[in-house]
Amino acid sequence: MIPQAETTQYSATSSCRNCGSVVAFKKSGLFTDDKRTSDAEVIECTVCNSHSFISKSEIQLPKLYSQGYFHGDEYYDYDLAAPSFQRNFQRKISLIRSNGTLSSPLRILEIGGATGEFFLALQKASPGLEIKEYVSLEVSDYARGRALERGAQSLSPFDSNTPQAVSSLKPNLIVAWDVWEHLENPADVFSQYLAMASDDVIIAITTVDSSALTPQLRGKSWRQFHPPTHLNYPSRRAFEVLFSHQELEVIYHKSFGSYRPLGEYAKLLPHLIRRAIPSTLLGFPIYCNTFDTQLVMAQRIPNRGNSNVI
C-alpha cells in the first residue's frame, strides 16, 4: 500500500524517494525560497540528484484528488482531454510493443489509473495484444468510480485487500503514466509491486525530468513544480539506479511529448481571447514537447523457457 505522509524531516540515513539509495541529502538548489516551501523542505539526493518535497504536516491524498482536481483545478476539463489521452496512450502502447518483449497473455497493473482512459486505449489496441487481466490502483474516489463505470477493475491502494489482489495478478506489465511525481514515496511503492510481479515483467513510466534543461533554467518557476500535488521530481539517473537495484534492464529512456486539448493552452490566454475560441474546438489535440517529461521502460530478463511472446 502507498504509505501515508510522514511528518518527520529527512535524516542522513533516509532512503531517496526516487532512486531508493540510502544516502545523505542536501538542500535543493533548484526549488528554494518559495512560499510553497514555508512549511516544508525540498531536498536533493546526492546519488541521483532528484528532488523531493517533504511536508512537515500530513498530506491527505484522497482529498487533493477530488472531482474538482479533474475539472477546473489542475485540469481544464479531464473529459475534454479524452482525444488527447487516446493519442498519447496509443503511442505509448506502440513504444512498449516495439522495445520490450511482452509475454502473452498480458496481466497489466496500472498504478494511478485515473478515470480509466488507458484501459479504454487497451481495448482499441492493434490485434495481437492479448490481455488476460487488468488491475488499476487509484487514490481518487471520484476517478476510481469513473473507471469502474467503464468496466475497469480499479482498486484503492489504501484498501487492505489490494496487496493480495496485486500478488494474485502477478503482473507482467506495470505502467504508471504521470503518477510518479504525485506519490509520497514512489521508489518504495514501485519496489513493493515489482516484488509481486512476474519474473519477466516490463515496467513503463512517464514522469517529470528534473535533470532536463527547462527545470535547470526555470527553478521554482518550472511548470512542473507545484506541491503538494507534485511531491517528487526524479532525474533520469534516478531510474538507472532504482532499476539496477531491482535487476531490471533499461530498454528505452527518452523525453516524451504529449498531445493536450486546446482548452489547456487556452486557459493561459487573456479572458477575452479565451472566450472567443469556439467551445467545439477546446478538445482539439495539440502536440507539444518541452523535453521535461521522460518515458522510461525497463524489463527483467530471466530464462524465458517456452513462454509465448507478442
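User: What makes strands β2 and β3 count as paired, and in which sense do they run?

Analyst: Two strands pair if DSSP finds at least two bridges between them. Strand β2 (residues 40-45) and β3 are joined by five bridges and run antiparallel, so the criterion is met. E44 in β2, for instance, has H51 of β3 as its bridge partner. The strands themselves are DSSP runs of E with at least two residues, helices are runs of H or I with at least four, and both are numbered from the N terminus.

The model is predicted: residues are numbered from 1 along each chain as its sequence is written, local features need pLDDT of at least 70, and side-chain atom pairs count only at pLDDT 80 or more. Totals for chains, interfaces and linings use all residues, whereas side-chain values use heavy atoms, with hydrogens and water left out.

User: How many residues lie between β2 and β3, and which residue in the turn has a positive phi?

Analyst: Five residues separate the two strands of this hairpin. N49 in the turn has a positive phi of about 60 degrees.

User: Why is β3 described as largely enclosed?

Analyst: A residue is buried under 20% relative accessible area, exposed over 50% and partly exposed in between, for a 1.4 Å probe and protein chains only. In strand β3 (residues 51-55), five of the five residues are buried, so the rest of the structure largely encloses the strand. Both faces are covered, with H51, F53 and S55 buried on one side and S52 and I54 on the other.

User: How do you know that β3 also pairs with β9, and over how many bridges?

Analyst: DSSP gives two bridges between β3 and strand β9 (residues 232-233), in the antiparallel sense. One of the partnerships sets S52 against N232. The resulting open sheet has four strands in the order β1-β2-β3-β9, with antiparallel pairing. Strands β1 (25-27) and β9 each have a single partner strand and stand at the edges, so one side of each lacks a neighbour in the sheet.

User: What is the relative accessibility of E44, and is this residue buried or exposed?

Analyst: The value for E44 is 10%, which falls under the 20% limit, so the residue counts as buried. E44 lies in strand β2. With contact taken as heavy atoms within 4.5 Å, and residues up to four places away in sequence not counted, E44 touches F25, K26, K27, S28, G29, N49, S50 and H51.

User: How do you know the number of disulfides in the model, and what is that number?

Analyst: A disulfide requires a pair of cysteine sulfur atoms within 2.5 Å; the count by this rule is zero. For C48, the nearest cysteine sulfur is that of C19, 3.7 Å away. That separation is over the cut-off, so C48 is in no disulfide.

User: Why do C48 and C288 fall in opposite or separate accessibility classes?

Analyst: C48 has 2% relative accessibility and therefore counts as buried. C288 has a relative accessible area of 27% and is therefore partly exposed.

User: Which residues of helix α5 are buried, and what covers them?

Analyst: In α5 (residues 141-149), the buried residues are Y142, A143, R144, R146 and A147. Their cover includes α2 and β6 (154-155). A147 has a relative accessible area of 1% and so is buried. Its contacts, leaving out residues up to four places away in sequence, are A114, T115, G116, A152 and S154. Just after the helix, G151 takes a positive phi of about 95 degrees.

User: What is the strand order of the sheet that contains β6?

Analyst: The order in this open sheet of seven strands is β6-β5-β4-β7-β8-β13-β10, with mixed pairing. Strands β6 and β10 (249-255) are its edges, each pairing on one side only. Strand β5 (residues 131-137) joins β6 in the parallel sense over two bridges, and S136 stands opposite S154.

User: What makes a region a pocket, and what volume has the largest pocket?

Analyst: A pocket is an open set of points, on a 1 Å grid over the protein atoms alone, where a 1.4 Å probe fits and protein lies on both sides within 12 Å along at least five of seven lines; lining residues have an atom within 4 Å of a point. The largest pocket holds about 1,300 Å³ of space. It is lined by 48 residues, and E74, Y75, D178, H230 and R260 are the closest to its centre.

Notes: Points joined across faces, edges and corners; volume = space filled by probe spheres on them.
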